[in-house]
Amino acid sequence: MKRSQFKGRFTPTNPSKYVGNVKQIIYRSSWERLFMSYCDRHPNILQWNSEETKIPYQFDGKHRTYYPDFWILMVDSKDNAVEKLVEIKPHYQRGWKINRAKWTQAEQACYQNGMEFLVLTEKELF
């Protein structure tokens, strides 16, 4: 069964919250668009961007670059400012070797920079 792609440009309602290339906010799935809308509208999200963070990693002996879907700066339930990198993926892709390689590097980069790394699937989004 062939899956159709859902891709487009996102226009924020609160452009001052977006810290990146506002002309190139591209979503590649309805789930990413939903998360963009959440970041744009939720008062606890202070700043965000999409695919602006670069993380080098290796896979199959090749040097590559991973761009996590989102970076967010938010206020948590204890009123602390928290930075997170967020990846949106279907649950069935969690076990793919290439994704594990990317996410291992992202977790390490986040740990070194006092951030949190999250992979959100349909189980967490809905």
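This report describes the overall architecture of a predicted protein model and then examines several of its residues.

## Overall architecture

The protein contains three helices and eight strands. Along the sequence, these elements occur in the order β-β-α-β-β-β-β-β-α-β-α. The radius of gyration is 15 Å, close to the 14 Å that the globule rule gives for 126 residues, so the protein is as compact as a globular protein of that length. Taken along the principal axes, the C-alpha atoms fill a box of roughly 40 × 40 × 30 Å.

How much of the protein counts as buried? Of its 126 residues, 40% fall into that class. The protein exposes about 8200 Å², and carbon and sulfur atoms supply 49% of this area. Among contacts between residues at least 6 apart in sequence, 51% join residues at least 24 apart.

The protein carries 20 positive and 14 negative charges. The mean positions of these two sets of charges are 8 Å apart.

## Helix H1: Glu 32 and Leu 34

Helix H1 spans residues 30–41 and includes Leu 34. Glu 32 is found in helix H1 as well. Is Glu 32 buried or exposed? Its relative accessibility is 6%, and Glu 32 therefore counts as buried, the cut-off for this class being under 20%. Leu 34, at 40% relative accessibility, counts as partly exposed.

Which residues does Glu 32 touch, leaving aside those up to four places away in sequence? They are Ile 26, Tyr 27, Asp 69, Phe 70 and Ile 88. The side chain of Glu 32 also reaches the backbone nitrogen of Arg 28, at 3.0 Å.

## Strand E5 and the loop before it: His 63 and Asp 60

His 63 belongs to strand E5, which covers residues 62–66. With a relative accessible area of 68%, His 63 is exposed. Not counting residues up to four places away in sequence, His 63 touches Tyr 57 and Gln 58. With Gln 58 there is a polar contact between the two side chains, at 3.3 Å.

Asp 60 is located in the loop between strand E4 (55–59) and E5. Asp 60 has a positive phi of about 55°, although it is not a glycine. At 62% relative accessibility, this residue counts as exposed.

## The loop between strands E6 and E7: Asp 79

Another residue with a positive phi is Asp 79, where the angle is about 70° although the residue is not a glycine. Asp 79 lies in the loop between strand E6 (70–75) and strand E7 (81–88). Asp 79 is exposed, and its relative accessible area is 66%.

## Strand E8: Val 119

Val 119 is part of strand E8, formed by residues 116–120. Is Val 119 buried or exposed? With a relative accessible area of 13%, Val 119 is buried. Which residues does Val 119 touch, not counting those up to four places away in sequence? The residues are Glu 87, Arg 94, Trp 103 and Glu 124.

## Separations between selected residues

The table sets the separation of C-alpha atoms beside the separation along the chain for four pairs of residues.

| Residue pair | Separation along the chain | Separation of C-alpha atoms |
|---|---|---|
| His 63 and Lys 23 | 40 residues | 29 Å |
| Val 119 and His 91 | 28 residues | 9.3 Å |
| Leu 34 and Ile 98 | 64 residues | 25 Å |
| Glu 32 and Met 115 | 83 residues | 21 Å |

The pair formed by Val 119 and His 91 involves a residue of strand E8, and the C-alpha atoms of this pair are separated by 9.3 Å. For Glu 32 in helix H1, the C-alpha separation from Met 115 is 21 Å.

## Summary of the picture

The predicted model combines three helices with eight strands. Among the residues examined, Glu 32 and Val 119 are buried, whereas His 63, Asp 60 and Asp 79 are exposed. Leu 34 is partly exposed.

Notes: Residues numbered from 1 in each chain as written. Predicted model: local features only at pLDDT ≥ 70, side-chain atom pairs only at ≥ 80, totals over all residues. Heavy atoms only, no water. Helix = DSSP H or I, 4+ residues; strand = E, 2+ residues; numbered from the N terminus. Rg over C-alpha atoms; globule rule 2.2 N^0.38 Å. Buried < 20%, exposed > 50% of the residue type's maximum accessible area, 1.4 Å probe, protein only. Contact = heavy atoms within 4.5 Å. Areas by Shrake-Rupley, 256 points an atom, 1.4 Å probe, with all protein chains shown as cover. Lys, Arg positive; Asp, Glu negative; His and termini not counted. Charge placed at Lys NZ, Arg CZ, Asp CG, Glu CD. Polar contact = N/O pair within 3.5 Å; in protein donor to acceptor, adjacent residues only side chain to side chain.
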